[in-house]
Amino acid sequence: MLRARGVSAATARQAAAEISAHPDKALAVHTMEELGVDASDLPSPYVAAGASMASFSVGALVPLLPYLCGLHRLWVALALAALAAVVGGGLVARLTERPFWRGAIRQLVLGGVAAGVTYLIGIAVGHIA
């Protein structure tokens, strides 16, 4: 990395040795240079885990809402789940500066595949149980 930036071979070896002597600093240098990520700008793993848990929990409630409201219609649950997938995928795409519809369709397809696989597993387990 240092040689590519014009540092002489001797200086690059010496700098690499000094950086490698401290694993935490070496990791920070490599993530910044190779990935462009500053580890100090990232949220804590606990915040990321909490946000993930909350979003999955809220997302899991979406298809259950019709049933919790007394409307026992599968098509309503599927439509709400599809709408949530489109909106969620589209918003994430916009936050990452990608086209809304590309993210929306991607999330809808992935959600549909996941629902289909889950349905097939349910059928298989239902025959066993």
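**Exercises on helices, pockets and contacts**

R13 sits in helix α1 (helices are DSSP runs of H or I, at least four residues long, numbered from the N terminus). The model is predicted, with local features needing pLDDT of at least 70 and side-chain atom pairs counting only at pLDDT 80 or more, while totals for chains, interfaces and linings use all residues. Residues are numbered from 1 along each chain as its sequence is written, and side-chain values use heavy atoms, with hydrogens and water left out.

**Exercise 1. Decide whether R13 is buried or exposed, then find how far R13 is from P99.**

Step 1: R13 has a relative accessible area of 58%, so it's exposed (buried is under 20%, exposed over 50%, partly exposed in between, with a 1.4 Å probe and protein chains only).
Step 2: Go from C-alpha to C-alpha, and R13 and P99 turn out to be 44 Å apart in space and 86 residues apart in sequence.

**Exercise 2. Find the partner of E33 in a salt bridge, and place both residues.**

Step 1: The structure holds one salt bridge (a side-chain nitrogen of Lys or Arg within 4 Å of a carboxyl oxygen of Asp or Glu).
Step 2: E33 pairs with R5, and their closest N and O atoms are 2.6 Å apart.
Step 3: The pair ties together distant parts of the chain, with E33 in helix α2 (residues 23-35) and R5 in the segment before α1 (9-20), 28 residues apart.
Step 4: E33 counts as partly exposed because its relative accessibility is 35%, while R5 comes out exposed at 61%.

**Exercise 3. Describe the largest pocket: its volume, its lining and the helices behind it.**

Step 1: The space in the largest pocket comes to about 850 Å³. A pocket is an open set of points on a 1 Å grid over the protein atoms alone, where a 1.4 Å probe fits and protein lies on both sides within 12 Å along at least five of seven lines; lining residues have an atom within 4 Å of a point.
Step 2: There are 23 lining residues, and G59, P63, A81, A85 and G111 lie nearest the centre.
Step 3: Helices α3 (45-61), α5 (74-95) and α6 each give at least two residues to this lining.
Step 4: Sort the lining by class and you get 16 nonpolar, seven polar and no charged residues.

**Exercise 4. Do the same for the second largest pocket.**

Step 1: Its volume is about 240 Å³.
Step 2: Lining residues include G88, V92, T96, R98, P99, R102 and R106.
Step 3: Helices α5 and α6 each supply at least two of the lining residues.
Step 4: By class, this lining has three nonpolar, five polar and three charged residues.

**Exercise 5. Look at E97: where is it, and what is its phi?**

Step 1: E97 is in the loop between α5 and α6.
Step 2: Most residues other than glycine have a negative phi.
Step 3: E97 isn't a glycine, yet its phi is positive, about 60°.
Step 4: With a relative accessible area of 73%, E97 is exposed.

**Exercise 6. Place A84 and find its distance to Q107.**

Step 1: A84 belongs to helix α5.
Step 2: A relative accessible area of 34% makes A84 partly exposed.
Step 3: Along the chain A84 and Q107 are 23 residues apart, and their C-alpha atoms are separated by 9.4 Å.

Conventions: Grid points are joined across faces, edges and corners, and a volume is the space filled by probe spheres set on the points. Ala, Val, Leu, Ile, Met, Phe, Trp, Tyr, Cys and Pro count as nonpolar, Asp, Glu, Lys and Arg as charged, and the others, Gly among them, as polar.
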